[in-house]
Amino acid sequence: MDLRERRAIEDMLNAKTPVSKIAAALGRHRSTVYREIKRNRFEDRELPYLNGYYSVNARLTAAARRRRRCKLVRLKELRNAVITQLKEGWSPEQIAGRLWFKGQPVRVSHETIYAYVYGPDGQSEELARHLPSRRKKRQPRYARRPRGLVFPPERSIHQRPAHVKSRETFGEWEGDLMIFERALGDANVATLVERKTRFAVLFRNQDRSTTHLMNRLMDVMEPLPQSARRSITFDRRIEFRNWRKLKPGIGTEAWLSNRRPTVKLLMHENGGR
């Protein structure tokens with residue numbers, strides 16, 4: 001809950017508005033508003049006539065409670081380790097997942113890392129610039145796209161311009177992924193093939209996450225002139241679900257094949273598949 005909502009609660013409480021109507025006006029569940037008023041209400045035993053809900057005080061109280069509970073504020077070693085990994089390019093999801101995978105006695109969720117990064121301490125250290133998205137403010141949850149729209153129909157290859165399909169212009173690419181056997185870890189090789197000339201670019205990744213893959217892809221493609229990276233067509237692999245980053249990141253359109261992804265396994269040195 002932000003300061004604007006807390007100011008609205010304060011004004012409506014002063015006007016003797018029922019909590020149910022306050023909740024309706026804010027678009028919140030009434031239990032959320034009840035909890036906000038109860039937890040962040042100002043109380044003074046010596047001066048009881050000052051007791052009440054004050055928006056600014058409520059905001060400070062909530063912030064102080066979050067700081068007390070946040071492991072990254074209380075535990076210096078954990079905080080330093082997380083910050084180091086953020087600066088090395090790890091995403092909060094990767095950091096939290098690695099702590100769980102290694103069975104560390106002290107763990108932290110990716111939501112807690114995001115909360116710290118976008119909180120007062122993280123903002124003072126400008127930690128947000130180390131995130132894959134590099135947003136200065138976190139995108140609200142209600143603005144995040146549901147999973148069902150990860151591969152929307154409007155980005156289907158059936159909607160691609162005709163010149164892309166006919167291979168008339170240079171700069172239209174196809175992207176794919178070749179992975180090693182799971183026993184060899186998360187390493188994989190991404191391939192980009194220019195549709196007109198069949199010129200191929202391959203680059204290796206040490207991570208299968210979509211965030212890492214798209215960041216590496218943009219790093220590889222960005223040195224090319226804009227006319228040489230007009231679009232990339234992917235199949236519907238989960239590793240390509242962050243395709244939306246391409247347009248704002250490097251100005252490249254993304255199109256999505258309707259075919260099901262095929263798993264390509266790279267053989268290890270001792271033979272195999």
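Here is a walk through this predicted model, from its overall make-up to one patch on its surface and the parts to read with care.

Start with the whole chain. The protein chain is built from 12 helices and 6 strands. It has 273 residues, and buried ones account for 37% of them. If you look at contacts between residues at least 6 apart in sequence, 51% of these join residues at least 24 apart. On the outside, the chain exposes about 17,300 Å², with carbon and sulfur atoms supplying 52% of that area.

Now zoom in on the surface. Leu-47, Tyr-49, Leu-50 and Tyr-54 come together there as a nonpolar patch, and their combined accessible area is about 390 Å². To find Tyr-54, go to the loop that runs between helix 3 (30–40) and helix 4 (55–69). Tyr-54 has a relative accessible area of 34%, so it counts as partly exposed.

How far can you trust what you see? The mean pLDDT of the protein chain is 82, and 85% of its residues reach 70 or more. Among the chain's elements, strand 4 (residues 231–234) has the highest mean pLDDT, at 94, while strand 6 (residues 265–266) has the lowest, at 46.

Two stretches call for some caution. Over residues 142–148, pLDDT stays under 50, and the model gives this stretch 4 contacts beyond four places in sequence. Residues 262–273 also stay under 50, though here the model has 21 such contacts. Where pLDDT is low, the predicted coordinates shouldn't be read in detail.

Definitions and conventions:
Residues numbered from 1 in each chain as written. Predicted model: local features only at pLDDT ≥ 70, side-chain atom pairs only at ≥ 80, totals over all residues. Heavy atoms only, no water. pLDDT = per-residue confidence, 0-100. Helix = DSSP H or I, 4+ residues; strand = E, 2+ residues; numbered from the N terminus. Contact = heavy atoms within 4.5 Å. Patch = residues over 30% accessible without salt bridge, like charges linked within 9 Å, V, L, I, M, F, W, Y side chains within 5 Å. Areas by Shrake-Rupley, 256 points an atom, 1.4 Å probe, with all protein chains shown as cover. Salt bridge = Lys/Arg side-chain N within 4 Å of Asp/Glu carboxyl O. Buried < 20%, exposed > 50% of the residue type's maximum accessible area, 1.4 Å probe, protein only.
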